[in-house]
Amino acid sequence: MSRPHDMEKLRRAHALARLRAGAVGLCLALAMTVAAAAPPAAASTLPEVTPSRPSAAAEGVADITRTRRGAGIAFRAAARLAARGWSVHAGDLRVWRDAAGFLVAGRTATLAPVPARRADGSAGVELVPVVGGVPGAVAPRSAAPLVEPPVASWSFVSGACFERLSDNWAWIDHCAHLYRLVGDGDGSRDYYALDHLATAGPNWPWVLKTAGIGAYPVETSPPMSWLDWSPRSDRTGPCQSYLVRLTVPFAALSHTVDRCETWDISKAQRGGDFRLDWSGCACTQDRELAFDIAVSVGQGRGPIWYVPAEVRGFAF
């Protein structure tokens, strides 16, 4: 027969075992929860996009920043960016749930609701980041002849980073940067470049299946005319360094990325409408995507783009 103090030891051991099991279960649940990341965007100078700040009134859209899940997503977003050398506080991020999954953005980012399909095929609304517009301060052109021709160069206008989570298995961080050509010497057209880059990866222990980034003109954007785009063709093969580079109207905007498996581009006839998709493996490693496009618009006007991103993962 057990002594009283032995029974007490046994009860304490059972309680400790239950506590440890609960802690392990909590850790696994947190590991399987969607991760998210996006640095805060600068104050927008964009023309009004209706609505430029989506609300819960939009069908299927909810701001979950203050919920337990939203707070966890924002916290992990800030932690992941800190590991990359970015200084971002979780309180600077906003988390939305929509028909396409989750979107993380800076609190001042401009977002627009667009029609989308949920995973079950039903109609809904997806929030898509918007970048572009006329720079806040554009120096007037002088009518006086110049002694020397101006030196053309790309000037940074604006940019922001976001994260799209289309499912619980994978994530994609993406950034869109807008540049304007200064010193172009053209009195009738302005020249712009959009740099859209991304990194996609799986949430452990799942795998990455597909990812894509795009840019297409907002309805209120002035018409754009194509000048250049990169990459210019599809490609399938092993991982290798690839130079994303614009040569028209000025060859000075480029960066090198790792291009793996299949890159599939979709370029529309409409100026400024471009998409890049990655696929080709059930990957446990991250994958990069990047494209640059250059367009021209009427003098004194600025292009405005939707810059969507999507990602899909799987359980194995």
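# Tour of disulfides, cores and a surface patch

Select Cys239 and Cys260 to begin: the link between them is right-handed, with 120° about the S-S bond. Keep in mind that the model is predicted. The two sulfur atoms of this disulfide are 2.0 Å apart. Now colour the two strands involved; Cys239 lies in strand E11 and Cys260 in strand E12, so the disulfide ties together parts that are 21 residues apart in sequence. Show the surface next. Cys239 is partly exposed, at a relative accessible area of 45%, whereas Cys260, at 5%, counts as buried.

Move to Cys161 and Cys175. A disulfide joins these two as well, with an S to S distance of 2.0 Å. The torsion about its S-S bond is about 110°, so this disulfide is right-handed. The pair links distant parts of the chain, 14 residues apart: Cys161 sits in strand E6 (residues 153–165) and Cys175 in strand E7. Both Cys161 and Cys175 are buried.

Then select Cys281 and Cys283. Their sulfur atoms are 1.5 Å apart, and the two residues form a disulfide. Here the torsion about the S-S bond is about -60°, so the disulfide is left-handed. Cys283 is buried, with a relative accessible area of 1%. The count of disulfides comes to 3. With the bonded cysteines of the protein numbered in sequence order, the pairing reads 1-2, 3-4, 5-6.

Hide the cysteines and turn to the nonpolar interior. Select Ile172, Leu194, Ile213, Leu289, Ile293 and Trp305: in the largest nonpolar core, which has 34 residues, these touch the most other members. Which elements give two or more residues to this core? They are strands E7 (170–182), E8 (189–202), E9 (207–217), E11 (235–246), E12 (253–267), E13 (274–283), E14 (287–298) and E16 (309–314). Highlight E14, which gives the most to this core, with 6 residues.

For a second, separate core, select Ala62, Ile73, Ala77 and Leu81, which are among its 13 residues.

The last stop is on the surface. Select Trp169, Phe314 and Phe316, which make a nonpolar surface patch of about 340 Å². Centre the view on Phe316, in the segment after E16. Is Phe316 buried or exposed? Its relative accessible area is 68%; the cut-off for exposed is over 50%, so Phe316 is exposed.

Methods:
Residues numbered from 1 in each chain as written. Predicted model: local features only at pLDDT ≥ 70, side-chain atom pairs only at ≥ 80, totals over all residues. Heavy atoms only, no water. Core = buried A, V, L, I, M, F, W, Y, C linked by side-chain atoms within 4.5 Å. Buried < 20%, exposed > 50% of the residue type's maximum accessible area, 1.4 Å probe, protein only. Helix = DSSP H or I, 4+ residues; strand = E, 2+ residues; numbered from the N terminus. Patch = residues over 30% accessible without salt bridge, like charges linked within 9 Å, V, L, I, M, F, W, Y side chains within 5 Å. Areas by Shrake-Rupley, 256 points an atom, 1.4 Å probe, with all protein chains shown as cover. Salt bridge = Lys/Arg side-chain N within 4 Å of Asp/Glu carboxyl O. Disulfide = S-S within 2.5 Å.
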